[in-house]
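Got your viewer open? Load the model shown here and keep the selection panel handy.

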Amino acid sequence: MGKENVSSEQFVLISYSEDASPFEGKEPQVVVRPHSTEEVSELLEFASKNRIPVIGVGARSSINGAPIPRVDNVMMIDLTGMKDILSIDEDVMTVTVQAGITWSGLIHQLKERGYKLGFRGPYGGNAGTVGGSISANSIGCGASAHGGACDGVVGIEVVLSSGEILRTGSNWKNGSNKRKESFARYCTFNDLSGMFLGDHGTLGIKTAATLKIYPLPKGEAFSDFGFSNIEQATKAFHEIQQSHLAEELVMLGDANSIDLLASTYRSTFKNINCIVAVVIEEADEILAQRRKELCEKIVRKHGGKSIGMFLSKAHWFNMFNLVQSLFEEGFWYNTCHLRPISSLPQLIETFHSIATKYELKENGFNWIISALGVDHCFTSGWITIYMKDHTKKDVMIEAWDELREAEIELEGVPYWTGQLWEPYVLERVDPTFYKVLKQLKTILDPFNIINPMTFKLK
Amino acid sequence: MVKFSEVEKHSDLIQICGKCGDCATSGTQLSTAKRHVSEPCPVKNVLGFEAYDARGRILILKRILENNFKIDDGFLNWAYTCTECGSCRETCLAIEGGIDTPLLMDALRQDLVKNNYRLKKHELILESIRKHHNPYNEPLKERFAFLDAAKNYFDVKNADYILYIGCTESYRQQNIALATIELLEHLGINFAILEEENCCGSILRRYGYEEEFKELAKSNLTYLNKQTTKKIIFPCAGCLRTFKLDYQDYNSTDLQFFHLTEFLEEFFKTHPYNFKLQNHKKIGYHDPCHLGRHVGVYEAPRTLLKLLENSTFIELDALRNYSHCCGAGGGVKSSNPDLAVEIAKNRNAEALQKAIDILVSACPFCERNLADGIPENANGFMVVDIAEILNKTIQKELSTEISHLGVKSEICKQYMKFLGQYPEIFSDLIPGSDMDFAIYDSFDDFEEEKTMDAFHVLRKEEGVEIIPGKADDADLELALSKEAIAKLIQTKSKEDYATRFGDFYNDPSFEEGWIDFLLHKRTKTLIDMGYGKFAEAAGILEDEEDAL
């Protein structure tokens, strides 16, 4: 690999000791930067023989604490040097990429060829990598029409703890390493891709992935809809997602959130307390406009009104540059998860009671409540609390804990886990489910060297 | 115990970082601003590890403030690997203007010096400046030995301008100094050089020698203030940045500092000249960090290069405030010369990928370092300074005055005239607001960023100023089709104009006309500046029907 790609200098180790969450963990003992699958394979073979714990990481832009080492003496494998597009197959409409490519880089290169992705990346997709997102079940741009990061996967290449290289999906054939053969995920045998997707890097290290691509849209439409209350907004949001009309369907769930992101709306229109923003992409303008009309009809039925397109356009064209401007409100404590759409009003009511109980506003905190239509017909619930005054950290931690407890009790399911959700999910996991997960870990990683302690599997 | 009192002063900046990683590994960014950000840290792009980009540096500084850190040689070397180019700051959206990591690195270097972690090579440079008034350990008396001894360049008393040559052009890049002098002479500019010109001290500040820097800054300003001429032209972007920004705390005078390109752009507005290359060449421009990101001069050099006949001007992908550094800044050229050259190789590769023949810069450090990084198989690719190429290609003075420097289309001229007649269109904006108007021949051209013509409207205390070319630091860019403009200039009132404007945005049509916008500042900031009211008036926040 060359010594220039290996470092155990103290300052280097510190720079890899955190992700974008408030969580802290252990510094790695060494950081390595491979540039090929073969190098990753050699590293894992070496680690396996010498029982060295390893963790594979992308850009560590995650907000869940997943890519932070949990044990001592970890070799961290930084995959961001593996950032090439390996092939674009226009015949079967897939792109095969190295795991360390950023979503933004991939989107740009595809656009030049006339293609788009379905799921475009998490909201941190400027830096976020494909490998990181499919390991952590990311949700984000394009999820309303296409599902989350893992839903766009056709096949993966993963290095096992032994150093062996596994290729999944239609690449199962003996000696197969041709990208052309990666065109179908569900075929011939069990879906081995699914075993590794969302594994938080516990079963192997993903080095490449094949994703679905689509032609660039020739018609687009945007609409923002205002509602006086969350019940009406939720009904409209639900029906639009049920009808599969939107490429992206977003909700700002209370007046505070609107004021934080688009204050002009509340000064322009009276009695707007929730906004639903719709982004439509279609094969031509007429189809896009027709979908928009259908959305408008649904909105009117549920008591909403059209208020322009500023937010939906800004949201879509600022794709990965939305959350950063909120850093000024303080450091973020998020509670991202999935839930049935119908449960949104109860969630928001619960949050508001927590906000009152802990006097969040009075204590200088701020928050944003948003939701995104996901996949077939559910939503992500994103309530993020911002803490400016670090002397109030105790209050924040209490409120944050209580919110996560409430969210998971009120039908919520985290899409990613990490340190953010692990304590909450492990005390609720079904024993049989967990037993099978542990057995898989034992088979695939007998010496427990890959991302040890995550999910407390061994 | 080591005290990091200077870093401590900026702990708020360290705390505000959300660790999103945009400054670290970002691919090309997607946004309405068409941010040309791609892998912004030139040092990380060479050395690879997170520690070298802004997020990594901030994490390390955070640990330093927790007093849980051992200073060793590796760390000291790391502290001087940042070129302080500011690309990370431009990329960062956490606060308006971005988290200023170069400021944090300056603070760290000051703390290191205060705590006696002084590197020998830096001490030698300090000694050279004290002894010879230059960092190159060259004799003071040789400073202007390259000048034509038969001419008197030092008659400052009778000059309109002072030409501040700088140490690098005096001792290393004399080709730039000579080209600048020859060009100014050709143009008939009445300038003079300071006989006792001194080092500006930039390198001292970059290395953390703050006390020594202050002393030098005050002495230089005292000397300059004694001169009757108050207008100073710098061909060196580094010196300009130092005088204009770093001396700010000590400069309460009426001294005016210009970069050569700023001066020439103004001059050619009223004294148009012809410039012609003998053989057709593809010309690219490398934005020096000191001139572009730090001082905000982007348009002047581009305007000048576009005057070159028999050439095609090609923009690099990473340009203007998102330009990649050449690698020489922040003292890296002298502290880590190999690293500097590797960074230059990356920048040259960007130009070669675009098949550029001549990469032009406007800073001697950039020219030197980029030239050091030209690969062997570059097929005649060359790096030159803007003074050199202008001096080599200048032809003759044109007799007719250019009324709209750079504006080509009639529709653009009509639109500029129209907006000048209706300044009330901009009445909601706060003074200082500056917006670009870019006119496009087609939507495809907009997608490919091929502007037909551009101007910007600067809101002043009273009224507006309409200026050809894009602003150096526009709040946003309005993109308009020529069809939309043809209809907008028919309107007779602000209300009518706003309504039509909103129609073209809300209901765009390739045939009838369309308007779009690219935001260069954060939405919240723009709303506060009055653009929100403009959007309301334009019906961009449209109330279709009151259904409630």
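What follows is a short walk through two interfaces.

A word on ground rules: this is a predicted model, so local features need pLDDT of at least 70 and side-chain atom pairs count only at pLDDT 80 or more, while totals for chains, interfaces and linings use all residues. Residues are numbered from 1 along each chain as its sequence is written, chains are lettered from A and ligands numbered from 1 in the order in which they are written, and side-chain values use heavy atoms, with hydrogens and water left out.

**Stop 1: colour chain B by domain**

Select 5–114, 120–265, 274–397 and 410–537 in chain B for domains 1, 2, 3 and 4; the bounds come from an automatic or database domain assignment.

**Stop 2: domain 2 against domain 3**

Keep domains 2 and 3 of chain B on screen; their centres, taken over C-alpha atoms, sit 22 Å apart. Domain 2 puts 33 residues into the contact and domain 3 puts in 29, where contact means heavy atoms within 4.5 Å. The two bury about 2500 Å², with carbon and sulfur atoms giving 67% (buried area is the accessible area, 1.4 Å probe, that two parts lose on being put together, summed over both).

Now show B:Ile176, B:Thr261 and B:Glu265 as sticks: on the domain 2 side they lose the most area to domain 3, together 19% of what that side buries.

How many salt bridges are there between domain 2 and domain 3 of chain B? Zero, counting a side-chain nitrogen of Lys or Arg within 4 Å of a carboxyl oxygen of Asp or Glu. Next, highlight H11(B), residues 174–186 (helices are DSSP runs of H or I, at least four residues, numbered from the N terminus). H11(B) gives the most to the domain 2 side that touches domain 3, with seven residues.

**Stop 3: chain B against chain A**

Bring chain A back. Here 60 residues of chain B are in contact with 65 residues of chain A. Together the chains bury about 5300 Å², 56% of it on carbon and sulfur atoms.

This interface has five salt bridges. Zoom in on B:Glu50 and A:Arg60, a salt-bridged pair whose closest N and O atoms are 2.5 Å apart. Then select residues 54–65 of chain B: this is helix H5, which gives the most to the side of chain B that touches chain A, with six residues.

Conventions: Helix = DSSP H or I, 4+ residues; strand = E, 2+ residues; numbered from the N terminus.
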